[in-house]
Every structure is written in structure tokens, then in C-alpha cells.
Amino acid sequence: MPKGGRPARIFPSRRSTSSSTLVFAVLLMLSVVLLMLLALGILSLPVDKGNDSPKTPNHGIKSQTRDGEDLLGERGSRWTEVISWEPRAFVYHNFLSEEECKHLIELAKPHMEKSTVVDSATGQSKDSRVRTSSGMFLRRGRDKIISDIEKRISDFTFMPVDHGEGLQVLHYEVGQKYEPHYDYFIDEYNTRNGGQRIATVLMYLSDVEEGGETIFPNANVNSSSLPWYNELSECGKKGLSVKPKMGDALLFWSMRPDATLDPLSLHGGCPVIKGNKWSSTKWIRVNEYRA
Ligand SMILES: O=C(O)CCC(=O)C(=O)O
């Protein structure tokens with residue numbers, strides 16, 4: 001700056017103006033080309049490559065998880081599907097690997113006994129025509145594979161592992177079923193340990209050729225508009241139904257977020273028409289359950 005004078009004004013030269021205009025124009029053109037390639041689908045932005053996209057149509061909210069958990073065997077792509085808000089019910093696809101399903105069946109097979117239901121007057125187990133499957137319980141944390149599955153259930157439900165009862169493994173042969181019922185209790189005896197049953201996770205350990213759907217007869221869902229409706233048995237068409245698929249898990253809540261019992265959680269197992277149905281149930285309590 002000249003001493004005592006005004007600061008000299010610096011005028012950009014004509015040459016530098018035209019080169020910056022050129023750079024700007026090139027960048028603008030590149031952006032337009034990039035946007036066109038993206039719009040035409042020729043280019044795509046990198047997304048999380050760790051997760052595959054779902055292979056089954058998703059008619060609810062979908063999310064994929066990526067976890068560093070222990071797992072026996074390989075699982076297909078994992079994603080959750082909201083199937084109903086009344087009752088609150090979700091399917092977690094490929095929750096278990098085939099090896100984990102087989103492990104649970106092999107552990108349970110030698111000990112299967114005719115399933116019972118709870119007598120609400122006495123709180124004791126009793127035989128019933130309502131439930132014609134056979135079953136047995138696997139103690140919580142019985143082995144590493146079961147512990148891993150129970151940890152996964154806890155991650156999925158946001159309920160602590162020690163609020164869960166032991167895993168029940170169920171086997172239904174042709175004609176066997178479980179009539180619609182509630183998982184929550186109406187007697188005091190059964191809620192002494194752990195309080196009320198708040199949620200159920202039902203894991204399918206096998207596919208079923210025909211029938212065997214889990215049905216919610218009172219769900220507030222227009223089930224006939226669901227894409228799998230035509231694949232359902234007559235029983236399955238009477239409500240919102242989930243077709244058993246090996247490795248999938250169904251989570252539903254027997255209590256609403258305001259802690260009241262949800263009668264819309266009424267559910268049952270339709271008769272198996274063809275094949276065999278193996279499943280495993282985890283009942284989750286409001287409080288810690290002493291196993
Ligand atoms: O097997 C099913 O699909 C239903 C089983 C069930 O209702 C239960 O275990 O509480």
C-alpha cells in the first residue's frame with residue numbers, strides 16, 4: 001500500500017477471470033453428467049455392502065441388522081418386517097441358521113412329551129385337546145449355542161436375557177394344532193415368578209409343506225390383501241397368519257406399551273396338513289424370571 005495513500009485496488013486480470021469461468025463450467029458439466037448417470041441407474045452410490053437386500057416382498061417397515069455376534073452356520077439376509085401394530089407383531093427373517101435349528105431339534109427330540117396347557121384355577125399343567133403337539137423345555141443358557149440364541153433374542157426384543165423362560169421346543173405332526181389362546185396369565189400363581197408374560201418369540205425350526213401357520217384371528221389387519229394369502233390353509237385364512245419358514249422368528253407382544261394386556265394378541269397354531277412343524281418358543285416376562 002502506498003504510504004499515506006488509499007489501498008491500491010487489485011483488479012483480476014481478464015486471463016484469470018476466463019480460466020476460473022472455464023473451471024466452473026467444466027465442474028458444472030461434470031455434475032450434470034454425474035446426476036444423469038445416477039438418475040439412469042448406470043452409476044450408484046456405495047451403500048452398506050454387508051447386507052443383502054430382502055428376497056421376500058416386504059409389506060411393512062424393513063430394517064437390516066449387522067452384528068458381530070456368534071453364530072453356528074450361515075444365515076441368509078436378515079431383515080425385520082412389521083406384520084401388525086394391533087397386536088404388535090414382527091417377523092425377523094433368517095433369525096436362526098439351519099444348523100442352529102437342527103441343534104435345537106436334536107437336543108429336544110429324545111425328550112419330547114405330549115404338550116400341556118396351564119390350568120388357570122390351579123396354575124398346574126394339564127392335558128388338553130386345545131394343544132395336541134409334543135414338546136419339551138431347554139434350560140436357559142444350557143449350552144453356548146442356546147446362550148447365543150438367547151442373547152440374539154434379547155437384542156431383538158430389548159428385553160434382558162434373564163427375563164426369558166427356558167426355550168420350549170414344539171413338534172406338530174399332521175393334524176396337530178394349538179387352538180387360539182393368550183400367552184399372558186389370568187391367575188396369580190403363574191405370575192409369581194417373573195410377573196406377567198409380556199412378549200413371545202416363536203422361532204420356526206422347519207418349513208411346513210402345508211398348514212401349520214401361526215394365526216392371529218383378531219389382528220386389526222386386512223389379511224386377505226397380503227401377498228401370501230393364497231398360500232395359506234383354510235385355517236390360516238381366518239386371520240393374520242405367518243407361514244412357518246425355517247430360521248424365521250415371530251415376535252409379538254402380549255402387553256401394550258401402557259402395560260395393559262392386549263387381547264388382540266390371541267394366537268394359535270393351525271393344524272399341519274402336510275409335513276412336520278418344529279418350532280421353539282421363548283416367553284419373556286416383565287421381570288426377571290428365576291430359571
Ligand atoms: O405353533 C404355533 O404357531 C403357535 C405356538 C403358540 O401359540 C405358543 O407356543 O404359545
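In this predicted model, the largest nonpolar core holds 41 residues, and those that touch the most other members are Ala 89, Ala 199, Val 201, Met 203, Ala 249, Leu 250 and Leu 251. Strand S10, which spans residues 197–204, gives the most to this core, contributing six residues. Leu 251 illustrates the packing: leaving aside residues up to four places away in sequence, Leu 251 touches Ala 89, Phe 90, Tyr 92, Phe 156, Thr 157, Ala 199 and Val 201.

**The S2–S3 hairpin**

Strand S2 (residues 79–85) and strand S3 (residues 88–93) run antiparallel and are joined by six bridges. Within this pairing, Glu 81 has Val 91 of S3 as its bridge partner. The two strands form a hairpin, with two residues between them. Pro 87 is found in the loop between S2 and S3, and the peptide bond that leads from Glu 86 to Pro 87 is cis, with omega near 5 degrees.

Val 82 belongs to strand S2. With 15 other C-beta atoms within 10 Å, Val 82 is classed as partly exposed, because that class lies between the limits of 12 or fewer for exposed and 20 or more for buried. Val 82 and Leu 250 are 168 residues apart along the chain, and their C-alpha atoms are separated by 10.0 Å.

**Positive phi angles outside glycine**

Asn 94 and Phe 158 are listed below with their backbone angles and locations.

| Residue | Phi | Location |
|---|---|---|
| Asn 94 | about 55 degrees | loop between S3 and helix H2 (98–108) |
| Phe 158 | about 60 degrees | loop between helix H3 (144–157) and strand S8 (167–172) |

Neither Asn 94 nor Phe 158 is a glycine, although each has a positive phi. Is Asn 94 buried or exposed? Asn 94 counts as buried, because there are 20 C-beta neighbours inside 10 Å. Phe 158, by contrast, is exposed, since 7 other C-beta atoms lie within 10 Å.

**The four-stranded open sheet**

Four strands form an open sheet in the order S9-S15-S12-S13, with antiparallel pairing. Strand S9 (178–181) and strand S13 (240–242) stand at the edges; each has a single partner strand, so one side of each is left without a neighbour in the sheet. From one strand to the next, the twist averages 15 degrees. S9 pairs with S15 over two bridges in the antiparallel sense, and His 181 has His 267 of S15 as its bridge partner.

**The ligand shell**

Which residues are found around the ligand? They are Leu 170, Tyr 178, Asp 183, Leu 202, Thr 214, His 267, Gly 268, Gly 269, Ser 279 and Thr 281. Two elements give two or more residues to this shell, namely strand S15 (267–269) and strand S17 (277–285). S15 supplies the largest share, three residues. By class, the shell comprises three nonpolar, six polar and one charged residues.

Several elements recur across these descriptions. His 267 appears both as the bridge partner of His 181 and among the residues around the ligand. Strand S15 likewise takes part in the open sheet and provides the largest share of the ligand shell. On the hairpin side, strand S3 pairs with S2 and is followed by the loop to helix H2 in which Asn 94 has its place.

Conventions. Residues are numbered from 1 along each chain as its sequence is written. This is a predicted model: local features need pLDDT of at least 70, side-chain atom pairs count only at pLDDT 80 or more; totals for chains, interfaces and linings use all residues. A nonpolar core is a set of buried Ala, Val, Leu, Ile, Met, Phe, Trp, Tyr and Cys residues joined through C-beta atoms within 7 Å. Two residues are in contact if their C-beta atoms, placed from the backbone, lie within 7 Å. Two strands pair if DSSP finds at least two bridges between them. A residue is near a molecule or strand if its C-beta atom, placed from the backbone, lies within 6 Å of it. Ala, Val, Leu, Ile, Met, Phe, Trp, Tyr, Cys and Pro count as nonpolar, Asp, Glu, Lys and Arg as charged, and the others, Gly among them, as polar. Axes are lines fitted to C-alpha atoms, for helices over the stretch in contact, and angles run from 0 to 180 degrees between N-to-C directions.
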